[in-house]
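Student: Could you take me through one part of this protein slowly? I would like a close look at the aromatic rings and what surrounds them.

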Amino acid sequence: MKIIRIAYWASTGLLCLMYLGGAFVYLTQRDMVVEAFGRFGYPAYLVTPLLIAKILGPVAILWRKSMALSDLAYAAMLFHLLFALSAHLSVRDGGYGFALAGLVLLAVSFFTQNYVRPGWSPHAGRRLGTWS
């Protein structure tokens, strides 16, 4: 179905733009990011590994050379978005919208990938998240 293709590419594109945009902010406004991490109670040394992950995650998903690596990138994004949501909710700053939007985009992208892309992820189900 064409709608599934559109849903996959739109969600995957927006998710990747969200992550690459975040990497750009981490790179160009590092002091602000370190300060924000401090408010959440996270150490500053996490900024560099997250910057690298925010670049490599979208590359692994879009390139999809290795299905295991693509699934690992999806899993890493899931944990990152859950931790971001938790951090924003714990400090009650109202900044959890991007994390929620990212989780929705991630779910749509992950569960429609087997329908649209060549190759098969054993964790995403055969069609639209079903395991039949």
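**A close look at the aromatic rings**

Tutor: Happy to! Keep in mind that this is a predicted model. Let's begin with Trp9, which has 42% relative accessibility and therefore counts as partly exposed, as that value falls between the 20% and 50% cut-offs. Its ring pairs with the ring of Tyr8: the centres are 4.9 Å apart and the planes meet at 75°, so the pair is edge-to-face, a label given to angles over 60 degrees. Tyr8 has 0% relative accessibility and so counts as buried. One partner in this pair is buried, then, while the other is partly exposed.

Now turn to Phe110 and Phe111. Their rings also form an edge-to-face pair, with 5.1 Å from centre to centre and 75° between the planes. How exposed is each partner here? Phe110, at 15% relative accessibility, falls under the 20% cut-off and therefore counts as buried. Phe111, at 30%, counts as partly exposed. If you wonder why I keep quoting two values, it is because a pair of aromatic rings is described by the distance of the centres and the angle of the planes.

How many aromatic pairs does a search of the whole structure find? It finds six. Rings can also be linked into a group: Tyr26, Phe37 and Tyr42 are joined into a cluster by ring pairs.

One member of that cluster, Tyr26, has a charged neighbour too. Lys54 lies over the face of Tyr26, at 4.9 Å from the ring centre. The charged end of Lys54 also sits over the ring of Tyr19, 5.0 Å from the centre of that ring.

Another aromatic residue to find is Trp63, in helix α3, which covers residues 47-63. Trp63 has a relative accessible area of 58%, which is over the 50% cut-off, so Trp63 is exposed. Pro49 is 14 residues away from Trp63 along the chain, and the C-alpha atoms of the two are separated by 21 Å.

Finally, let's step back to see where these rings belong. The protein has five helices and zero strands, giving the pattern α-α-α-α-α along the sequence. Its radius of gyration is 16 Å, close to the 14 Å that the globule rule gives for 132 residues, so the protein is as compact as a globular protein of that length. Of those 132 residues, 37% are buried; Tyr8 and Phe110 are two residues that count as buried.

Technical notes
Residues numbered from 1 in each chain as written. Predicted model: local features only at pLDDT ≥ 70, side-chain atom pairs only at ≥ 80, totals over all residues. Heavy atoms only, no water. Phe/Tyr/Trp six-rings, centres within 6.5 Å; stacked < 30°, edge-to-face > 60°. Buried < 20%, exposed > 50% of the residue type's maximum accessible area, 1.4 Å probe, protein only. Lys NZ or Arg CZ within 6 Å of the ring centre and 35° of its normal. Helix = DSSP H or I, 4+ residues; strand = E, 2+ residues; numbered from the N terminus. Rg over C-alpha atoms; globule rule 2.2 N^0.38 Å.
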